[in-house]
Structures are given as structure tokens and as C-alpha cells.
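Student: I have a structure open on my screen and would like to talk it through. Could you help me read it?

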Amino acid sequence: MAEKMNIDRRKFLKGMLAGTTAGVLSIESCLAGDQTAENKILNYQSEMPYRRVGQTDVYLSVISFGGLVSEEAVYHYGIDRGVNLMHMSKSYKGGRSLEVLSKVMKSKRDKVYIAFKDNFDDIDEILKKLNTDHIDFLMFNRHSPDEVIDEENLERFEKYKKQGKVRYMGLTSHKNVKECVRAGIDAGYYSLIMPVLNQPAFEAMSEELADAEKKNVGIMAMKSMKGIDGAELEHAHLKKILANKAVTTVNKGIGSFDMLDAYMKSANEVLTSYQDSLLYHYAQQNKTLNCMMCGECEKACPEQVEISTQLRCYDYYENQLQDRYTAVTSMQAIPVLQRSENVCRSCKTCEQVCPNGIKIIEKLKASNYLFHLT
């Protein structure tokens with residue numbers, strides 16, 4: 001069972017202060033050590049902090065672009081300001097995000113690394129669409145520890161690597177995240193792991209992050225602002241995440257020049273005690289609203305409802321990103337007998353095991369009402 005998220009105030013502050021010092025050193029040491037050898041850092045710009053991915057030769061900008069928010073002009077602007085990582089999947093917005101990135105890559109491919117999530121049945125098709133001959137981080141999207149360490153992943157990666165079509169192996173997960181991250185770190189062959197690091201997940205993942213740093217595994221935070229309301233708290237949480245030496249980059253959908261400028265400004269600042277206090281109280285007051293994709297609810301569900309996907313579609317895609325297309329298509333991909341509207345008996349077994357005390361049944365009913373898939 002996932003650990004309970006009863007955050008102790010003294011422990012919270014102690015971890016924040018220790019992490020902040022380490023994070024500042026991480027950013028400053030990276031810049032200080034590499035400004036004299038800027039050719040080590042792809043697309044180096046002095047205002048952007050960079051961090052090395054484990055033992056690789058890759059240094060990533062601490063702010064990187066996600067694919068669910070894809071604005072061509074913002075992509076160009078961000079790359080010109082030093083962003084050097086783009087994360088993409090051909091499923092984002094039904095392929096429209098990939099089309100946008102493809103246009104950008106016609107002139108900017110030599111300035112960025114590409115992390116691509118897919119099932120990789122036809123990597124040549126993906127390479128052609130991206131206007132490139134290789135993918136830098138091949139991201140395997142796996143949702144259980146067994147899937148994470150499946151030998152087929154490594155075999156597929158090695159095949160493509162020998163062909164010169166990929167460089168490094170990565171992992172991302174939307175279910176059983178803590179367990180999958182642990183399996184990925186222990187596996188020893190993933191260079192970059194992409195976990196959910198919203199407020200509750202970031203606190204719950206402290207041991208995994210420490211081990212990732214120890215074992216030289218890069219961490220790319222995703223959905224880090226999920227459940228946070230307001231720019232002030234978002235930027236405070238960004239500072240807190242980057243204060244952790246294990247975190248290489250925060251992957252974010254950015255839809256405007258101003259938003260990127262604000263994130264870059266925060267990436268160069270230290271979390272204050274006032275901002276930490278705001279984060280702490282917000283976490284306490286909103287714990288029951290914020291899913292960290294631990295997967296405990298699905299393990300306990302007697303009807304095997306795919307709860308985490310429904311919550312993600314409702315809370316994240318529909319409410320936060322306002323991306324109804326992705327929300328609906330993701331919901332439609334759930335097998336009929338795993339949709340709550342068809343099999344859920346409102347027994348609340350899921351709520352009994354949820355570490356955050358989320359009112360799951362209410363959210364599932366709201367999701368059913370909103371999407372009307374039956």
C-alpha cells in the first residue's frame with residue numbers, strides 16, 4: 001500500500017532546506033563548470049540553467065517542453081532562449097502536436113534533444129515525421145514493475161541503437177508510478193525516468209529520487225503542476241522541485257512567451273521560507289483533491305475499473321489543460337468493462353485505500369456525466 005501522505009511540518013521544512021542548498025549548488029556548479037566549455041551543452045544560453053543526465057554526455061535545460069501544449073511560435077521562442085529538450089508522442093492531440101513539432105524541427109533539430117513516447121511499432125515513420133534520423137531518448141510507457149523490466153524493452157532499444165536510430169533509453173509511467181520508478185532505477189539501463197511529481201507524489205518519491213541521484217539516473221518531472229491553483233504556487237513548486245539534485249528537468253506544456261519567461265526566472269531563484277509555507281498549507285488543505293497516480297485504488301477495485309485513467313482524463317486533460325480531445329480519446333481507449341459507468345458498484349473500496357483520501361466515486365460520476373461514453 002502506498003505510504004500515507006501525513007506530511008510532518010518539521011520534516012517538510014528540513015527536507016526543503018537541505019534540498020534547496022543542494023539544488024542551488026547543482027545549478028550553479030553546472031553553469032560554472034561548463035560556461036568555459038559551452039560546446040558540451042547543446043543550444044547553450046546563459047540565462048538557462050542546465051543539468052547533466054546521469055553519466056551521459058547530455059546536459060538538459062531545467063525547463064523542457066511537453067507536447068500536450070504545442071504552440072509553434074512558443075517552441076521557436078523557447079529554443080532561442082535555451083530550451084533543448086522536447087518531449088512528444090504521436091498520440092498527443094490526435095497527432096496535431098507531432099505535426100507542430102515536425103515543422104519546428106525543420107530548422108531547429110540541431111538545437112534540441114527529442115524524447116519520444118510511443119509503442120515503436122514503426123520507428124522509421126516517426127523519424128520521418130520528425131524530420132530527423134534519430135531519437136535521443138526512447139521513452140517506454142510502462143505501467144507496472146513487470147512491464148518496466150520486460151526484456152523486450154531492452155531488446156527493442158538495443159536493436160534501434162545498433163541501427164543508429166536512438167541514443168538513450170527512457171521510462172515514463174501513469175500508473176503505479178512509485179513502484180515503476182523504483183523498478184526503472186533498479187533495472188540499471190534507463191538513462192532518463194519521467195515520473196509524476198505533483199505535490200503529493202514529490203513528497204512520496206523522496207527515497208526514489210535519492211536513489212536516482214546515487215545511481216546516476218536522470219529525472220524528468222511531468223505533471224508537476226497538476227492540482228496546483230495559481231501562478232505563485234506553481235513557481236514555488238518549480239523552485240522546490242529544482243532544489244532536488246536528482247531532478248534534471250521539469251517538462252511542462254507552455255503556451256505563451258510570458259509563461260516561459262516566468263518559468264525561466266523562477267528556475268534561477270531560490271525557494272523562500274514564505275513560499276515554502278504557502279506550499280505546505282496548500283498541500284495540507286488540498287490533499288484530497290490531488291491524485292499522484294500511485295495505483296492503489298485500481299489494485300483494490302473488485303471490478304477492475306481503470307480508475308487512474310478516468311481521473312487523469314477528468315482532472316488533468318479536461319479541467320487543467322482543457323484538452324477535451326485527449327480526454328475523450330483516452331477515455332474511449334479504456335475497455336468497456338473497465339469503465340466505471342458500466343461496472344462500478346460505488347463500494348468505495350478504492351477510497352478506503354487512497355493515501356490522499358480522494359473522493360474517487362464522486363470524481364468518477366462527474367467523469368461519466370461529462371463524457372457520456374455509453
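Student: Happy to begin with a single residue: which residue just after α7 takes a positive phi?

Tutor: Good place to start, and a word on the ground rules helps. This is a predicted model, where local features need pLDDT of at least 70, side-chain atom pairs count only at pLDDT 80 or more, and totals for chains, interfaces and linings use all residues. Residues are numbered from 1 along each chain as its sequence is written, and side-chain values use heavy atoms, with hydrogens and water left out. Just after α7, at a phi of about 90 degrees, comes G188.

Student: Which residues of helix α7 are buried, and what do they pack against?

Tutor: Helices (H or I, at least four residues) and strands (E, at least two) are DSSP runs, numbered from the N terminus. Buried means under 20% relative accessible area, exposed over 50%, and partly exposed in between (1.4 Å probe, protein chains only). In α7, residues 177-187, the buried set is V177, C180, V181, A183, G184 and I185. Taking contact as heavy atoms within 4.5 Å, these buried residues pack against α5 (145-148), β7 (166-172), β8 (192-194) and α9 (206-214).

Student: Why do the buried residues of α9 lie on the same side?

Tutor: The buried residues there are E208, L209, D211 and A212. The arc is that of the directions from the helix axis to the C-beta atoms. These residues share one side of α9 because the arc they cover around the axis is only 165 degrees.

Student: And which residues are exposed on the other side of α9?

Tutor: The buried residues of α9 pack against α7, α8 (199-204) and β9 (218-221). On the other side of α9, the exposed residues are E207 and K214.

Student: Which residue of helix α9 meets R182 in a salt bridge?

Tutor: A salt bridge is a side-chain nitrogen of Lys or Arg within 4 Å of a carboxyl oxygen of Asp or Glu. R182 lies in helix α7 and its partner in helix α9, so the pair ties together parts that are 26 residues apart in sequence. R182 is partly exposed at 22% relative accessible area, while the partner is buried at 5%. With N to O at 3.9 Å, that partner is E208.

Student: Which residues do salt bridges with shared partners join into one network?

Tutor: R182 and E208 form one salt bridge, and both belong to the network. Its members are K178, R182, D186, E208, D211 and K215.

Student: How far apart are the closest N and O atoms of R167 and D136?

Tutor: R167 lies in strand β7 and D136 in strand β6 (residues 135-141), so this salt bridge ties together parts that are 31 residues apart in sequence. R167 counts as partly exposed at 27% relative accessibility, whereas D136 is buried at 2%. Their closest N and O atoms are apart by 3.6 Å.

Student: Last one: which residues touch the most other members of the largest nonpolar core?

Tutor: A nonpolar core is a set of buried Ala, Val, Leu, Ile, Met, Phe, Trp, Tyr and Cys residues joined through side-chain atoms within 4.5 Å. The largest has 103 residues. Those touching the most other members are I63, F116, I135, F137, L138 and I307.
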